[in-house]
Amino acid sequence: MRFTLHIWRQKNCQSPGRMERYEVSDITEDMSFIEMLDVLNLELIEKGEEPISFESDCLEGICGTCGLVINGIAHGPEKGVTTCQLHMRSFRDGENIYIEPFRSKAFPLVKDLVVDRSALDRIIQAGGFISVNTGGVPDANCIPISKHDADLAMDMAACVGCGACVASCKNAAAMLFTAAKVSQFAVLPQGQPERKDRVVSMLDAMDKEGFGACSNQYECEAVCPKEIKVSAIARMNREYFRAKALI
């Protein structure tokens with residue numbers, strides 16, 4: 001397979017950026033999108049040119065570092081997969097592919113396709129830690145938790161913090177990410193002692209970082225590689241209003 005790539009190149013957030021065109025060939029349909037970029041970078045290095053900067057780590061869809069906007073869609077055309085799990089068979093041979101970084105005021109560009117997503121880490125830090133001693137592995141089975149709540153907490157904990165929800169939202173809102181992190185503790189007994197303070201602190205941190213507000217466009221749900229539903233945002237809003245009323 002061969003492709004024409006249009007890739008965003010930018011030295012840093014102070015420098016002007018531009019789209020640059022590259023041709024790649026001998027790409028197999030089973031290559032991941034990240035492996036295809038590795039092939040391009042190897043060719044650039046062999047020609048003495050500067051390789052394209054992008055992020056990746058686990059290559060198993062669980063670390064969330066590989067996010068790119070591909071043909072205008074965060075993580076590309078396949079639903080429920082990260083960029084590293086996106087295979088080149090998802091594209092037509094000879095296709096033009098446009099590749100850009102996640103864009104948000106709260107995600108300052110570092111270089112090329114790399115952005116600083118540490119704002120999401122600071123939202124999690126604002127939530128604090130669980131003060132309850134949860135004991136060892138056998139103790140976990142001693143705390144009765146309904147299957148519904150356990151499944152819900154696991155679904156919310158699946159959020160990998162990639163920032164696709166932010167990149168796809170016209171308001172650059174981090175509501176789906178924050179809602180998932182609030183929900184995964186709010187439904188479990190171990191998360192009850194800090195439940196009210198946690199949601200207030202995390203939402204305050206989200207606003208402080210410069211993320212926008214939710215306007216119910218559902219774009220975040222459409223691109224989330226872990227298919228987290230916007231119902232999490234409704235749950236977070238209820239948690240917030242309940243906490244503010246009682247604090």
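Here is a quick tour of this protein chain, from its overall build down to two buried residues. It's a predicted model, so local features need pLDDT of at least 70 and side-chain atom pairs count only at pLDDT 80 or more, while totals for chains, interfaces and linings use all residues. Residues are numbered from 1 along each chain as its sequence is written, and side-chain values use heavy atoms, with hydrogens and water left out.

**The whole chain**

- You'll find nine helices and seven strands here; these are DSSP runs numbered from the N terminus, with at least four residues for a helix (H or I) and at least two for a strand (E).
- Along its principal axes, the C-alpha trace spans about 60 × 40 × 30 Å.
- Of the 247 residues, 44% count as buried, meaning under 20% relative accessible area with a 1.4 Å probe, protein chains only.
- Take the contacts (heavy atoms within 4.5 Å) between residues at least 6 apart in sequence: 69% of them join residues at least 24 apart.

**The nonpolar cores**

- A nonpolar core is a set of buried Ala, Val, Leu, Ile, Met, Phe, Trp, Tyr and Cys residues joined through side-chain atoms within 4.5 Å.
- The largest one has 46 residues, and I123, F211 and I228 touch the most other members.
- Helices that each supply at least two residues of this core include α2 (118-126), α7 (195-208) and α9 (231-246).
- Setting aside neighbours within four places in sequence, F211 has contacts that include F107, L120, I123, V166 and M206.
- Another core, of 27 residues, lies apart from the largest one, and W8, Y22, I27 and L86 are among its members.

**Two buried residues in one loop**

- E95 sits in the loop between β4 (73-74) and β5 (96-100), and T83 lies in the loop between β4 and β5 too.
- What is the nearest side chain of opposite charge to E95? That's R92, 4.1 Å away, and E95 is buried yet has no salt bridge. A salt bridge calls for a side-chain nitrogen of Lys or Arg within 4 Å of a carboxyl oxygen of Asp or Glu.
- The E95 side chain does make a polar contact with the side chain of N71, at 3.4 Å. Beyond residues up to four places away in sequence, E95 touches R2, F3, T4 and N71.
- T83 counts as buried because its relative accessibility is 0%.
- The T83 side chain reaches the backbone nitrogen of L68 at 3.4 Å. Leaving out neighbours within four places in sequence, T83 has contacts including F33, I34, C66 and H75.
- A polar contact is a pair of N or O atoms within 3.5 Å; within protein, one must be able to donate a hydrogen and the other to accept it, and residues adjacent in sequence count only if both atoms are side-chain atoms.

Technical notes. Buried means under 20% relative accessible area, exposed over 50%, partly exposed in between (1.4 Å probe, protein chains only). Lys and Arg count as positive and Asp and Glu as negative; His and the chain ends are not counted.
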